[in-house]
2 protein chains.
Amino acid sequence: MTSIEPTAAPETDICCAGADCELLPTVEADVLAETFKALADPTRVRLLRYLAESDAGTACACHLPDALGISQPTLSFHMRKLHDAGLVARDKRGRWVHWTVRPEALAGIKTFLDLAPRSADRCC
Amino acid sequence: MTSIEPTAAPETDICCAGADCELLPTVEADVLAETFKALADPTRVRLLRYLAESDAGTACACHLPDALGISQPTLSFHMRKLHDAGLVARDKRGRWVHWTVRPEALAGIKTFLDLAPRSADRCC
């Protein structure tokens, strides 16, 4: 009986052994993606940097539209996104909201971004 | 002549001095936001982590659909997003593409994420 086992074709099908790594749990991937999504806008990137550069990481909402060149509704929209992701804290002082950056909220994505390819001798 | 200068109403209008910080340049904010956008999806987050956990940060496209539980077209869609953002490199070996994570491409956003609120005595 002739073998019908496929033969390797190294010229056209060079492959590697499949990695057998544990996947990042779905819930963890979802949280990381949500945080990245909150940062996936140039105005929010600039707002976060502006807050971080302000005294004690805090700025009054009254200054932000002029500083960023955006309208108050646009500011509200973006600050809500940052707040929902936990990246800023709000504090109402009189009639103005003051926003403070929360760098500790970035800890999760900073750890994720320390991606270092494994060398062959420490494969999972 | 009676002064019509507005008077401060400290109970209802407590405010701070406006920060006078230099804004992040638009081009720089755009690049950062584009990189965050490439990461703003749980499948891409898992793919990047999977590559980083594989030998030398490289995995063959033939293994990725089964490993991630996604179809080959879905894989192609997400790898294109990661590749366009410079987060992975591709290398064709025979008929299969091998993908390698490029952690150096994350340097820009890692620097940005080192947001540390300024204390009052080192205001810009």
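Student: In this predicted model, what makes S2(B) and strand S3 (residues 96-101) of chain B a pair, and in which sense do they run?

Tutor: Two strands count as paired if DSSP finds at least two bridges between them, and S2(B) and S3(B) are joined over six bridges in the antiparallel sense, so the criterion is met. Within this pairing, Asp91(B) stands opposite His98(B) of S3(B).

Student: Which strands of chain B are called edge strands, and why?

Tutor: The sheet is an open one of three strands in the order S1-S3-S2, with antiparallel pairing. Strand S1 (58-60) and strand S2 (88-93) of chain B each pair on one side only, and these are the edge strands. From one strand to the next, the twist averages 25 degrees.

Student: How do you know that H2(B) packs on this sheet, and what angle does its direction make with that of S3(B)?

Tutor: Contact requires heavy atoms within 4.5 Å, and H2(B) touches S1, S2 and S3 of chain B, its direction making about 90 degrees with that of S3(B). H4(B) also lies across the sheet, over S2 and S3 of chain B, where it runs at about 120 degrees to S2(B).

Student: Why are H2(B) and H4(B) described as parallel or perpendicular to each other?

Tutor: The axes of helix H2 (residues 42-53) and helix H4 (residues 72-84) of chain B come within 10 Å and cross at roughly 75 degrees. Angles of 65 to 115 degrees count as roughly perpendicular, and the two helices are therefore roughly perpendicular to each other. On the side of H2(B), the contact is made by Thr43(B), Arg44(B), Leu47(B), Leu48(B) and Leu51(B), while H4(B) contributes residues including Leu75(B), Phe77(B) and Met79(B). The residues of this contact divide into seven nonpolar, two polar and two charged.

Student: What makes H2(B) a mostly covered helix?

Tutor: A residue is buried when its relative accessible area is under 20%, and nine of the 12 residues of H2(B) are buried. Among them are Leu47(B), Leu48(B) and Leu51(B), together with the charged residues Arg44(B), Arg46(B) and Glu53(B).

Student: How do you know whether the length of H2(B) is close to the expected one?

Tutor: From its first C-alpha to its last, this helix of 12 residues reaches 16 Å, which is close to the 16 Å expected at 1.5 Å a residue.

Student: What pairing is found between S2 and S3 of chain A?

Tutor: Strand S2 (residues 88-93) and strand S3 (residues 96-101) of chain A pair in the antiparallel sense over six bridges, and the bridge partner of Asp91(A) is His98(A). Their hairpin has two residues between the strands, and Gly94(A) takes a positive phi near 65 degrees.

Note on methods: Residues numbered from 1 in each chain as written. Chains lettered and ligands numbered in written order. Predicted model: local features only at pLDDT ≥ 70, side-chain atom pairs only at ≥ 80, totals over all residues. Heavy atoms only, no water. Axes fitted to C-alpha atoms, helices over the stretch in contact; angles between N-to-C directions. Helix = DSSP H or I, 4+ residues; strand = E, 2+ residues; numbered from the N terminus. Parallel < 35°, antiparallel > 145°, perpendicular 65-115°, else oblique. Expected span 1.5 Å × (residues − 1). Buried < 20%, exposed > 50% of the residue type's maximum accessible area, 1.4 Å probe, protein only.
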